[in-house]
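Let's work through a few short exercises together. Keep the viewer open and try each task before reading its solution.

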Amino acid sequence: MSKVHNFTAGPCVLPQAAIDAAIDALKDFKGTGVPVICISHRTKEWEAVMNECRALWRELLNIPDNYEVVFLGGGASMQFLYVAMNFLEHKAAYLDTGVWASKALKEAKGLGNAYAIASSKDKNYTYIPKGFEIPADLDYLHVTTNNTIYGTELKEDLDSPVPLIADMSSDILSRRVDVSKYALIYAGAQKNAGPAGVAVAIIRKDALGKVSRYLPTMLDYRTHIDKESMFNTPPVFSIFVMNETLKWLKAEGGVDVIHERNVKKAETLYAEIDRNSLFVGTAEKEDRSIMNVCFVLAPGKEDLQDEFLAFAKERGMVGIKGHRSVGGFRASIYNACTQEDVDALVACMREFEALKA
Ligand SMILES: *Cc1c(COP(=O)(O)O)cnc(C)c1O
């Protein structure tokens with residue numbers, strides 16, 4: 001098969017080193033003679049993976065000591081419920097920056113008093129609302145730092161007078177974050193941190209235990225903190241590959257190094273979108289994501305949609321069709337996507353322009 005350039009939004013491209021390690025471990029996990037998916041999670045070999053993975057998260061994101069790192073099933077969508085269960089008592093606010101943010105808010109509304117503090121729905125979520133006041137009486141403010149579907153990104157760690165909670169599913173590990181500004185950060189692994197099947201939650205311990213509702217055992221973050229994410233059987237294979245993904249990131253130089261590369265990839269692609277007469281970007285320039293790059297055909301050229309998709313496919317581009325709610329195209333350029341992948345997409349866009357403009 002010829003070289004493919006994978007721009008899928010998630011599950012998505014992962015480092016080859018992590019894939020290779022997964023293949024090896026499926027044959028023989030750490031010299032035990034047993035495939036990683038057939039070994040007891042109560043063995044010392046497995047516990048070493050859990051410990052290494054937790055330690056890598058701590059190191060890569062510079063997580064302070066008063067935070068815990070847990071691995072949970074159910075994806076980021078299950079975290080929408082965990083957040084409301086574990087933190088909502090009187091009132092919570094959500095920054096409505098897209099479908100994922102709205103889904104998170106819906107779970108909170110089902111359990112109590114929650115509302116959208118600001119929204120960019122008026123322009124199909126093509127920007128990040130700014131300048132909103134954060135009331136001091138909230139249990140928490142929930143933000144989505146990267147809006148995977150629309151290609152917008154909240155690039156700063158907000159100063160919040162109330163506990164700040166962030167869904168970082170699609171930009172975690174893409175840049176440095178000041179973890180100390182958050183009460184909770186969570187992410188589904190399948191965009192930058194590993195394969196689907198596991199979510200990570202980074203929790204400031206003293207932010208827990210403030211709600212009066214009954215918390216089902218499995219939905220109480222404290223259960224998973226106390227049992228070091230092994231209250232029940234963890235998703236071992238997903239965690240194994242996540243650990244290998246983090247090892248790769250560390251070997252590459254960590255989040256600052258990868259951030260520099262991510263910025264360069266994004267600049268390359270946005271520069272082409274802005275230059276190329278056939279395409280226009282959809283997100284406000286100042287809020288453009290460095291992870292998901294969304295663009296459409298220029299006015300009058302819309303009928304070239306299918307033709308460009310086929311043209312790009314022939315040249316090895318995978319997964320550039322935009323989300324159905326936005327249309328057009330989306331190139332997801334996560335950590336494991338290379339400058340070479342982006343350069344190939346840019347070359348493809350230029351070639352298409354030369355044919356059609
Ligand atoms: C993909 C995504 C989700 C949903 O993740 P699941 O693991 O499929 O539940 C939530 N939030 C954001 C920002 C996402 O990109």
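The exercises below cover a helix, a strand and the ligand site.

This is a predicted model, in which local features need pLDDT of at least 70, side-chain atom pairs count only at pLDDT 80 or more, and totals for chains, interfaces and linings use all residues. Residues are numbered from 1 along each chain as its sequence is written, and side-chain values use heavy atoms, leaving out hydrogens and water.

**Exercise 1.** Check the length of helix H1 (residues 16-27) and find its buried face.

Solution. Helices (H or I) are DSSP runs of at least four residues, and strands (E) of at least two. The expected span is 1.5 Å times one less than the number of residues. For the 12 residues of H1 that gives 16 Å, which agrees with the 17 Å between its end C-alpha atoms. Next, look for buried residues (under 20% relative accessible area; exposed is over 50%, partly exposed in between, with a 1.4 Å probe and protein chains only). In H1 these are Ala18, Ala21, Ala22 and Ala25. They fall within an arc of 105° (directions from the helix axis to the C-beta atoms), so they line one face of H1. Gln16 and Lys27, on the other side, are exposed.

**Exercise 2.** Which residues of strand E14 (residues 329-332) are buried on each side?

Solution. Phe329 and Ala331 are buried on one side, Arg330 and Ser332 on the other. In a regular strand, side chains alternate between the two faces of the sheet.

**Exercise 3.** Which ligand atom does a polar side-chain atom of Asp167 approach?

Solution. That atom lies 2.6 Å from a nitrogen atom of the ligand.

Conventions:
A polar contact is a pair of N or O atoms within 3.5 Å; within protein, one must be able to donate a hydrogen and the other to accept it, and residues adjacent in sequence count only if both atoms are side-chain atoms.
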